[in-house]
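Subject: Structure handover

Hello,

Here is the structure I promised to pass on. Please open it and keep it in view while you read my notes below.

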Amino acid sequence: MCVCFRIHQPAVVFIDEIDSLLSQRTETEHDSSRRIKTEFLVQLDGAGTGEDDRILVIGATNRPQELDEAARRRLVKRLYIPLPDPPARCQIVRNLMSTERNELTEEQIELIASLTEGYSGADMKNVCQEACLGPIRSISFTEMQRIAPDQVRPVTVEDFKSALSRVRASVSQSDLECYVSWDQTYGSGGAPK
């Protein structure tokens, strides 16, 4: 891994769901899995250790408690990224709806943000996608065959309210408490709580 990135420096290596690669080792684990983890950890040790190395390795996980202890030691900065707050949720809606025909006012975007307390960024994306289906769903089957795209009505706040009845928050309060507890024990304290 790192040999390739040393050639192409500067490099940022982002590993999503890093827990799937570096989960805690167990007695029942297959030998090949154990070898892959060991090699990955060896390469992680070598990343960015040279004086001229400009390699940044970033891992993301929703299951930090499942990371192997050796991996946790090598990932020196451990930051808890909380769920988006109301201004962030407003920005997510603005960004995702910027390419869609809509009639959303700033007050309505703020209302959507207030109705989505506890929603993750992925949840917000799902809500926006579901809301964008509202105008399509409002077209009768007979109209569907002859309507032009510019004749489809814009997305409204009512579409979002309807979408919220279908899309729920995916992170439970107990999950959040687990993350905060892990962060207090192992985190670097870099993100606001």
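Does Glu 17 count as buried, exposed or partly exposed? At 36% relative accessibility, Glu 17 counts as partly exposed. Before you read on, remember that this is a predicted model.

**The residue in that question**

Glu 17 sits in the loop between E1 and helix H2, which covers 31-46. Look at its backbone. Its phi is positive, about 55°, although Glu 17 is not a glycine. Most residues other than glycine have a negative phi.

The residue before the loop position is worth a look too. Asp 16 belongs to strand E1, residues 11-16. Asp 16 is partly exposed, with a relative accessible area of 48%. Now find Arg 137. Asp 16 and Arg 137 are 121 residues apart in sequence. In space, their C-alpha atoms are 34 Å apart.

**The whole chain**

Step back to the overall fold. The protein has 10 helices and 2 strands. Along the sequence, the order is α-β-α-β-α-α-α-α-α-α-α-α.

Next comes the overall form. The C-alpha trace spans about 60 × 40 × 35 Å along its principal axes. The radius of gyration is 22 Å. A compact globule of 193 residues would have one near 16 Å.

How much of the protein is buried? Of its 193 residues, 33% count as buried. The exposed surface comes to about 12200 Å². Carbon and sulfur atoms supply 52% of that surface.

Contacts across the sequence are also worth noting. Take the contacts with a separation of 6 or more. Residues 24 or more positions apart account for 77% of them.

Then the charges. There are 23 positive and 30 negative side chains. The centres of the two sets lie 2 Å apart.

**The cysteines**

How many disulfides does the structure hold? The count is 0. As a reminder, a disulfide is a covalent bond between the sulfur atoms of two cysteines.

Why is there no bond between Cys 128 and Cys 132? The closest cysteine sulfur to that of Cys 128 is in Cys 132, 6.6 Å away, and that is too far for a bond. A disulfide needs the two sulfur atoms within 2.5 Å. The check from the other side agrees: for Cys 132, the closest cysteine sulfur is the one in Cys 128, also too far for a bond at 6.6 Å. Cys 128 itself is buried, with a relative accessible area of 3%.

**Val 167 and its partners**

Val 167 lies in a loop as well, between helix H9 (157-164) and helix H10 (173-186). Is Val 167 buried or exposed? It is buried, with a relative accessible area of 12%.

Which residues does Val 167 touch, leaving aside its neighbours within four places in sequence? Its contacts are Tyr 119, Asp 123, Asn 126, Val 127 and Glu 130. Take Asp 123 from that list. Val 167 and Asp 123 are 44 residues apart in sequence. Their C-alpha atoms are 7.4 Å apart in space.

**One last stop in H2**

Ser 33 lies in helix H2. Ser 33 counts as partly exposed, at 30% relative accessibility. Compare its place with that of Leu 22. The two are 11 residues apart along the chain, and their C-alpha atoms are separated by 9.5 Å.

Best wishes

Note on methods:
Residues numbered from 1 in each chain as written. Predicted model: local features only at pLDDT ≥ 70, side-chain atom pairs only at ≥ 80, totals over all residues. Heavy atoms only, no water. Helix = DSSP H or I, 4+ residues; strand = E, 2+ residues; numbered from the N terminus. Rg over C-alpha atoms; globule rule 2.2 N^0.38 Å. Buried < 20%, exposed > 50% of the residue type's maximum accessible area, 1.4 Å probe, protein only. Contact = heavy atoms within 4.5 Å. Areas by Shrake-Rupley, 256 points an atom, 1.4 Å probe, with all protein chains shown as cover. Lys, Arg positive; Asp, Glu negative; His and termini not counted. Charge placed at Lys NZ, Arg CZ, Asp CG, Glu CD.
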